[in-house]
Amino acid sequence: MKDFISQPWSWYVSGALIGLTVPALLLLGNKHFGISSSLRHICAACLPGKVPFFQYDWKREIWNLFFVAGIVVGAALAVNFLSDHQPVKVSANTVQALADLGIVADGNLAPVSIFNFSNLFTLKGLVFFVIGGFLVGFGTRYAGGCTSGHSIMGLSTLQWPSLIATCCFMAGGFAVVHLVFPWLFKII
Amino acid sequence: MKKINDEFAERSVVHPDECGAANDQVATESLVGSNLKYLGVGILFGIIAVKSEIISWYRIQEMFRLHSFHMYGVIGTAVVVGAISVWMIKRFNIKTIQGEKVIFHAKPFHWGNVIGGLMFGLGWGITGACPGPLFAQIGSGLVVVVVTLLSAIAGTYVYGVLQNKLPH
């Protein structure tokens with residue numbers, strides 16, 4: 001059992017458990033699965049100012065902040081106590097494609113050559129942390145949801161706008177990886 | 001749209017508009033006691049996010065390069081399980097643990113689904129993380145992702161400021 005848990009989980013076990021988050025939140029308290037909303041609640045709680053978009057009773061939505069706090073704790077527990085610390089396996093084709101860009105697949109969750117503090121004030125840091133993060137925060141709110149709110153909750157409730165949003169998420173990701181990365185990694 | 005709206009129960013409580021993660025509970029909840037259960041679900045979600053490696057930048061690269069089925073399998077299975085669960089809740093009129101009817105909302109289409117969706121997709125490809133995995137990456141020890149999260153909060157704030165000037 002210990003071995004089973006400490007290995008990476010297969011897609012069908014992981015997917016089924018993530019799918020069960022939907023009824024779990026609904027039945028525990030009529031809550032709708034959606035994580036990007038937490039970013040809006042943080043804005044509403046910390047700096048509402050005179051922006052109407054952030055003027056609502058964020059305390060009523062605070063369950064969402066408890067949920068994301070739980071994600072941080074859960075991830076820490078999983079890494080420290082439920083892991084066999086084997087290098088993350090990456091498909092050979094992706095290893096090769098990344099090598100062509102000058103990125104070594106180092107077995108971590110994310111390449112240390114990009115995700116470290118010494119890159120913070122470099123062009124690399126600007127692109128990967130500041131611009132990337134900004135696009136995630138701006139884009140998800142503009143789209144009205146993210147992978148959880150649209151792709152999982154929205155598709156589970158058979159909403160066609162969520163299907164369109166999901167297709168656009170994927171299109172954006174394909175575009176950045178195939179069209180932007182090849183020249184981006186030449187300049188940073 | 002009207003027809004779809006009719007299939008969903010009317011809103012019973014006031015939300016911030018367009019709130020993706022609505023809270024439809026009528027009964028009041030205590031700040032800490034009631035919310036601990038969502039902390040618990042979050043902890044389980046964080047564990048799953050790490051163990052499934054969906055928070056790995058490499059897995060997102062594999063997905064957008066069509067080099068691995070893993071992410072498609074995870075998201076596809078999650079949608080199927082989620083859809084069956086929602087169907088069962090509706091079909092058997094399963095109530096929440098407080099005995100309330102489960103409320104569903106229509107998400108009306110607007111052009112933000114497309115434009116914002118494309119923007120988020122670009123960010124997803126770069127950071128290798130959607131909002132959930134951002135939190136999970138921080139928990140897993142990638143502390144520098146705190147900067148990404150702060151930037152995402154800033155992005156959400158700028159959207160809030162510009163909302164009325166953007167096409168929807």
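## Helices of chain A

Chain A has eight helices and zero strands. Read from the N terminus, its elements run α-α-α-α-α-α-α-α. The model is a predicted one.

## Extent and packing of chain A

The C-alpha trace of chain A spans about 50 × 50 × 35 Å along its principal axes. Chain A holds 188 residues, and 56% of them count as buried.

Contacts tell another part of the story. Take those in chain A with a separation of 6 or more: residues 24 or more positions apart account for 50% of them. The surface can be described too. Chain A exposes about 7800 Å². Carbon and sulfur atoms supply 71% of that area.

## Where α4 of chain A meets α6 of chain B

Two helices from separate chains come together here. Helix α4 of chain A covers residues 63-81, and helix α6 of chain B covers residues 131-139. Their axes come within 7 Å and cross at roughly 45 degrees. Angles from 35 to 65 degrees fall in the oblique class, so α4(A) is oblique to α6(B). The crossing of α4(A) and α6(B) is right-handed.

Which residues in α4(A) and α6(B) meet? On the α4(A) side they are Val68(A), Ile71(A), Val72(A), Ala75(A) and Ala76(A). On the α6(B) side they are Gly132(B), Phe135(B), Ala136(B) and Gly139(B). The residues of this contact divide into seven nonpolar, two polar and no charged. Gly counts as polar here, so Gly132(B) and Gly139(B) are the two polar residues of the contact.

Terms used
Residues are numbered from 1 along each chain as its sequence is written. Chains are lettered from A and ligands numbered from 1 in the order in which they are written. This is a predicted model: local features need pLDDT of at least 70, side-chain atom pairs count only at pLDDT 80 or more; totals for chains, interfaces and linings use all residues. Side-chain values use heavy atoms; hydrogens and water are left out. Axes are lines fitted to C-alpha atoms, for helices over the stretch in contact, and angles run from 0 to 180 degrees between N-to-C directions. Helices (H or I, at least four residues) and strands (E, at least two) are DSSP runs, numbered from the N terminus. Angles under 35 degrees count as roughly parallel, over 145 as roughly antiparallel, 65 to 115 as roughly perpendicular and the rest as oblique. A crossing is left-handed if the near helix is turned anticlockwise from the far one by less than a right angle, and right-handed if clockwise. Contact means heavy atoms within 4.5 Å. Buried means under 20% relative accessible area, exposed over 50%, partly exposed in between (1.4 Å probe, protein chains only). Accessible areas come from the Shrake-Rupley method with a 1.4 Å probe; for residues, only the protein chains shown count as cover.
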